[in-house]
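Student: I would like a close look at one part of this protein model, with the surroundings explained step by step. Could you guide me through it?

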Amino acid sequence: MTVAPFPQFEGEVVENALLGGRVRLRQPARGYRAGMDAALLAAVVAAEPGQRVIEAGCGAGAVLMQIAARCPGASLTGLERDPAMAALARENAVLNGVEARIVEGDVAAGFRTLDVPPFDWAVSNPPFFDDPGALRAPAEGKLGAWMADDGLKAWTSFLLKAVREGGRIVVIHRADRLADLLALLGETAGSFAVRGVHPYADEPAKRVLVQAIKTGKAPLRLLPPLVLHDRSDAKHTAEAEAVLRGESGLEW
């Protein structure tokens, strides 16, 4: 449904219910809106009470609000370069009764500019493209969410600096960028766990979830895939539906 704008966000917004209604999320009516990718990213995080989580590029706060619902007691921080989206993330935190610190800034400036200690978890859904020639220009409201101006390396470098030794990095991205993700995160992280996200069981993965541990040395683990749809009339497979409703997470 369409609702009146928040005082801090100049524009029409829509309100969506996530995790079976446990989370209310207001997002711009036009432009980029978080959906499946945000839900899957949040489902991977298993932060314990008191652990600190930072999301790079938090947008309107879809991932952070779902992490808050899944991981009570976690300390949440979001970094967002778009002031309007940062304001909307703050409003969503109030709407859901979540204590979250939303900081305006750019990952390209580096983690040190935040002047805070490293986190236990650093998560992100980076823009999927960093080559303007590889993508037909999206609508203006989606450009910032789709195009990584400083390349994927700027995002992985931020995440690697943002976590303590032994801390966890979680990223969702295009499946065809898996090799790049492993190479870039492998500069100072390891113990990779990789899960492909397939639209159907008989189709290639379109997304990939990657978890890495800073200074981790364990062998890479290729986990069972998550299949989103089957050929029945159901909207999602039972496993995907349970994740989207918050009834289960994505175990690692």
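Student: Please start from strand β10 and work outwards: how many of its 8 residues are buried, and which strands pair with it?

Tutor: Here is a walk that begins at one strand and moves out to the parts around it. Please keep in mind that this is a predicted model.

Let's set the scene with the whole chain. Its secondary structure comes to 7 helices and 12 strands. Of the 252 residues in the chain, 51% are buried. If you take the contacts between residues at least 6 apart in sequence, 67% of them join residues at least 24 apart.

Now to your strand. β10 covers residues 207–214, and 7 of its 8 residues are buried, so the rest of the structure largely encloses this strand. Two partners can be named. One is strand β8, residues 163–174, which pairs with β10 in the antiparallel sense over 7 bridges. To find this pairing on your screen, look for isoleucine 169, which stands opposite alanine 212 in β10. The other partner is strand β9, residues 189–198, and its pairing with β10 is also antiparallel, over 7 bridges. Here your landmark is alanine 189, standing opposite lysine 214 of β10. While you have strands on the screen, here is a general point: side chains in a regular strand alternate between the two faces of the sheet.

Stay with β9 for a moment, because serine 191 deserves a look; this residue counts as buried, at 12% relative accessibility, and the cut-off for buried is under 20%. Serine 191 is part of strand β9. Its phi is near 50°, a positive value in a residue other than glycine. As background, most residues other than glycine have a negative phi. Just past the end of β10 you meet another case, threonine 215, in the loop between β10 and β11 (221–222). The phi of threonine 215 is near 65°, again a positive value in a residue other than glycine. Threonine 215 has a relative accessible area of 36%, so this residue counts as partly exposed.

Next, what lies against β10 from the helices? A good guide is leucine 181, which belongs to helix α6, residues 178–185. Leucine 181 has a relative accessible area of 0%, so this residue is buried. Among the residues that leucine 181 touches are Val208 and Val210, along with Val171 and His173. Leucine 181 and valine 210 are 29 residues apart in sequence, yet their C-alpha atoms are 8.1 Å apart in space. Leucine 181 also touches Leu152 and Thr156, and those two residues lead us to another helix.

That helix is α5, residues 151–162, which packs with α6 at an angle of about 45°, their axes being 10 Å apart. The two helices are therefore oblique to each other. Their crossing is right-handed. On the α5 side the contact is made by Leu152, Lys153, Thr156 and Leu160, and on the α6 side by Asp180, Leu181, Leu184 and Leu185. Sorted by class, these residues are 5 nonpolar, 1 polar and 2 charged. So you can see leucine 181 taking part both in this helix contact and in contacts with Val208 and Val210.

For a comparison, turn to another pair of helices in the chain. Helix α1, residues 36–44, packs with helix α2, residues 62–70, at an angle of about 40°, and their axes are 9 Å apart. This pair, too, is therefore oblique, and its crossing is right-handed. From α1, Ala38, Ala39, Leu41, Ala42 and Ala43 meet Ala62, Val63, Gln66, Ile67 and Arg70 in α2. The contact of α1 with α2 divides into 8 nonpolar residues, 1 polar and 1 charged. Helix α1 is mostly covered, with 8 of its 9 residues buried. Asp37 and Leu40 are among those buried residues.

One last stop is threonine 77, in strand β5, residues 75–80. This threonine has a relative accessible area of 8%, so it is buried. Threonine 77 and leucine 64 are 13 residues apart in sequence, and 8.0 Å separates their C-alpha atoms. Leu64 is one of the residues threonine 77 touches, and the others include Val53, Glu55, Arg101 and Phe119.

To return to your question, β10 has 7 of its 8 residues buried, with β8 pairing with this strand and β9 doing so as well.

Conventions
Residues numbered from 1 in each chain as written. Predicted model: local features only at pLDDT ≥ 70, side-chain atom pairs only at ≥ 80, totals over all residues. Heavy atoms only, no water. Buried < 20%, exposed > 50% of the residue type's maximum accessible area, 1.4 Å probe, protein only. Helix = DSSP H or I, 4+ residues; strand = E, 2+ residues; numbered from the N terminus. Pairing = 2+ DSSP bridges. Contact = heavy atoms within 4.5 Å. Axes fitted to C-alpha atoms, helices over the stretch in contact; angles between N-to-C directions. Parallel < 35°, antiparallel > 145°, perpendicular 65-115°, else oblique. Left-handed = near helix turned anticlockwise from the far one by under 90°. Nonpolar A, V, L, I, M, F, W, Y, C, P; charged D, E, K, R; others polar. Lists of a residue's contacts leave out its neighbours within four places in sequence.
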